[in-house]
Protein chains: 2
Amino acid sequence: MAMNAPAARDTAQRRSIRAALEEAGRPLGALEVLGAAKAGAPGLGIATVYRNLKALVAAGEVTAVELPGEAPRYEFAGKEHHHHFLCAACDKVYELGGCLGGLKELLPRGFKLGSHELLLHGTCASCSRR
Amino acid sequence: MAMNAPAARDTAQRRSIRAALEEAGRPLGALEVLGAAKAGAPGLGIATVYRNLKALVAAGEVTAVELPGEAPRYEFAGKEHHHHFLCAACDKVYELGGCLGGLKELLPRGFKLGSHELLLHGTCASCSRR
DNA sequence: ATGATATTGATATAACATTATCAAATACAA
DNA sequence: TTGTATTTGATAATGTTATATCAATATCAT
């Protein structure tokens, strides 16, 4: 018999964290989530952010975006395959549409391709404008 | 007037660390360097590995390959633009040849592209064989 | 060979991001 | 409304990677 998950309670913190991710339109880091979610949950603590992000990832609702040399960002799961852009000026991560073909041509003989990650660096529209 | 760099001395450890990177044929992590370089420098310590890797990177001789969720690997600089492959089974990183075009098509309006990183995941030839 | 100083090895410490702890607050079924 | 288990916030502790410390050792110009 399956171990039942503990009853998930509906708290202001949890709602606010989820809302922060929904409204951001781009992947957020844990501290960014904290900042944004405080609007709907004053006094929100970083531990609660991590706890809920972890739970959301475990539930498959949210995906952790791993970045080289950067703390992971979090975005809602279920989107089409896509990649990300890291702004060198503001350190924000943006979602890009689409992908590139021809990946298999890069593989040496005998190597099997599972997945791939692409990260573009540069300056975002907002930072480029200045 | 320029501050002169301290006279770099030629030690067995430094030679061996450099040789390990040269002979590996793929980017190595600090612990991999330690393991490989012990051949030519018995008793080699991890601190010396980090010290020398840092110095080599600062001198522009070596490049740190940053990977999402992984400790950086180190490879000699000056190679043509290329990307890497991380084997999910043995955790080794391999160098790939070539690149992909069409990156700019992925950019939103107003974004400026600086550089990019591509990492392929899968199993290497050696691990696929098993 | 000698001496000044760079380098090393062992290990303590730092720097982060994340997780554990635990008393207090909260949700929610009854 | 009450009781109980979940959740929270503050913060201590952890894990991991890298750096600082420092006495001992090795390099290399003289």
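These are my notebook entries on how chains A and B meet in this predicted model.

**Ground rules.** I number residues from 1 along each chain as its sequence is written, and chains are lettered from A in the order in which they are written. In this predicted model, local features need pLDDT of at least 70 and side-chain atom pairs count only at pLDDT 80 or more, while totals for chains, interfaces and linings use all residues.

**The contact.** I looked up the contact first and found 32 residues of chain A touching 33 residues of chain B (C-beta atoms, placed from the backbone, within 7 Å). On the chain A side, S2 (62-67), S4 (83-87), S6 (112-123) and helix H4 (125-128) each give at least two residues. Helices (H or I, at least four residues) and strands (E, at least two) are DSSP runs, numbered from the N terminus. S6(A) has the largest share, with 12 residues. I sorted the chain A side by class and got 16 nonpolar, 12 polar and four charged residues (nonpolar is Ala, Val, Leu, Ile, Met, Phe, Trp, Tyr, Cys and Pro; charged is Asp, Glu, Lys and Arg; the others, Gly among them, are polar).

**The shared sheet.** Next I followed S6(A), which pairs antiparallel with S6(B) (residues 112-123) over nine bridges; pairing takes at least two DSSP bridges between two strands. Here A:His116 stands opposite B:Leu120. B:Leu120 also has B:Phe85 opposite, and S4(B) (residues 83-87) runs parallel to S6(B) over four bridges.

I then read out the whole open sheet of six strands: S5(A)-S4(A)-S6(A)-S6(B)-S4(B)-S5(B), with mixed pairing. Its edges are S5 (93-96) of chain A and S5 (93-96) of chain B, each paired on one side only.

Terms used. Two residues are in contact if their C-beta atoms, placed from the backbone, lie within 7 Å.
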